[in-house]
Amino acid sequence: MDAKYQSFIDTLRAGEKPKFGPKAQSIEYARQLDSHDQLKSFRDNFNIPTKGSLRKKALNGSIPEEKTTNGTAKVNGHSVDDEEPSTYFVGNSLGAQPKCMREHLNAHLETWASIGVNGHFTSFENSPLAAWQDMAADCAQHSVDLVGAASPSEVIYMNTLTVNLHLMMATFYRPTEKRHKIIAEWKPFPSDSYAIASQLQLHSLTPSTSLIDIHPDPQSFSISTASILATIDAHADSTALLLLPGIQYYTGQLFDIPRITAHAHSKGIPYVGWDLAHAAGNVPLSLHDWGVDFAVWCTYKYLNAGPGAIAGCFVHEKHHNIPDPDGRTPEGNRYLHRLAGWYGAEKSVRFNMEKVFQPAEGGCWVAGVESERGGSGVCEGRVGGGGEGWGIGVLRGKGLVLTAYLEALLDGLVEEGWVVERRERARFR
């Protein structure tokens, strides 16, 4: 990486504003930044919709083709304009398709066609996929650094984000007459709102009495850490669960996960969970070291696993010591209720078809349903997929520079103060 480019990253992580120079407004300057970027070739790993493919009205067996570097189209018979790649600004909703995706899907389909049910236990020598029953565990192995887990046992891939949120709340939200409140933010993604409300109703509670919404500061449109900590202080004695997003989907605000988690625990709130739908694969995470009790995330946004792809969960290892199947709880460990399922059972006895549940080691005990095979195969190709030795830290560094450069461009175009109000320099670190 170019020393000047790295200096921008270092400046931003120090909480300072970088100086891009007098020619920063030119396209030439932007291209110069790209040329010094360590990730400049990473785009080539994805199929980016083109102007032509976005006008497609029917399937025709083709995928988008971009222009080569000399400006000529890769496929004859199409106009240069048709092959011009779009500017894809919606990865926060659905990540672009990785070019390896077809290989993984085809491997899954060929395995199924060739050996049927034996695919549960067999991985072909030249297959990019693990045996079906090992796929979720393989995804977990690739996710340790991605979410900052202590080991793969803290990560499990299954279901969708909302189902996983329900499973987590079924385990970690245990309201009592005194401690029954959930602290959340004012505008969670609708599915989170529905899940929270329905969990309250499941316990014969109502949002009006048991849900505490944290609202944004009127002038900044963001929720300050001070406001969150003050809300925790005000309701700690009656709160059973703190549930917040790592990144607020509506404003893009990155929350101070370690500080908020530690403060909530210090005030006696038993469990702190995080929805990382917009954080996983987007920013560095250290969930284990931060003491997060549980987290959930999807894989179709910044992890590029495709629409409807299987989702992920984190359960801190401090909750892994669970009771024996007969209900005995080891001394010093709190009993954690959970919704048990087949793939939450210990792998070595899973196909013995025993009636008594023998929980798997680690966070897998909460796997309430069987991990879906095709979805795991797709996810296995993408989770932790920085590729070529690139980790989330490198991706985050580029994100900081892109955001700072955009701010520098906006500073000259919009009313002074508009962008400044939305900067949180401490979050650049």
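Start by selecting F121, W342, F351 and M353: together they make a nonpolar surface patch of about 410 Å². A patch here takes residues with over 30% relative accessible area and no salt bridge, joining like charges within 9 Å and nonpolar side chains (Val, Leu, Ile, Met, Phe, Trp, Tyr) within 5 Å. A salt bridge, in turn, is a side-chain nitrogen of Lys or Arg within 4 Å of a carboxyl oxygen of Asp or Glu. Areas come from the Shrake-Rupley method with a 1.4 Å probe, and for residues only the protein chains shown count as cover.

Before going on, note that this is a predicted model: local features need pLDDT of at least 70, side-chain atom pairs count only at pLDDT 80 or more, and totals for chains, interfaces and linings use all residues. Residues are numbered from 1 along each chain as its sequence is written, and side-chain values use heavy atoms, with hydrogens and water left out.

Now zoom in on F351. You'll find F351 in the loop between β9 (311-315) and α11 (373-380); helices (H or I, at least four residues) and strands (E, at least two) are DSSP runs, numbered from the N terminus. F351 has a relative accessible area of 31%, so it counts as partly exposed (buried is under 20%, exposed over 50%, partly exposed in between).

Next, color the open sheet. Its seven strands go in the order β3-β9-β8-β7-β6-β4-β5, with mixed pairing; two strands pair if DSSP finds at least two bridges between them. Which strands stand at the edges? They are β3 (155-158) and β5 (211-214), each with a single partner strand, so each has one side without a neighbour in the sheet. From one strand to the next, the twist averages 20°.

Go to the β5 edge: β4 (residues 181-185) runs parallel to β5, joined by four bridges. Pick I183 and you'll see its bridge partner in β5, I212. Then show helix α8 (residues 225-235), which lies across β4, β5 and β6 (239-245) at about 160° to β5. Such angles run from 0 to 180 degrees between N-to-C directions, with axes fitted to C-alpha atoms, for helices over the stretch in contact.

Last stop: V394, in helix α12 (residues 392-411). V394 is partly exposed too, at 24% relative accessible area. Leaving aside neighbours within four places in sequence, V394 is in contact (heavy atoms within 4.5 Å) with Q38 and L39. Try a distance to P284 as well: the two C-alpha atoms are separated by 9.5 Å, though V394 and P284 are 110 residues apart along the chain.

How values were computed: Buried means under 20% relative accessible area, exposed over 50%, partly exposed in between (1.4 Å probe, protein chains only).
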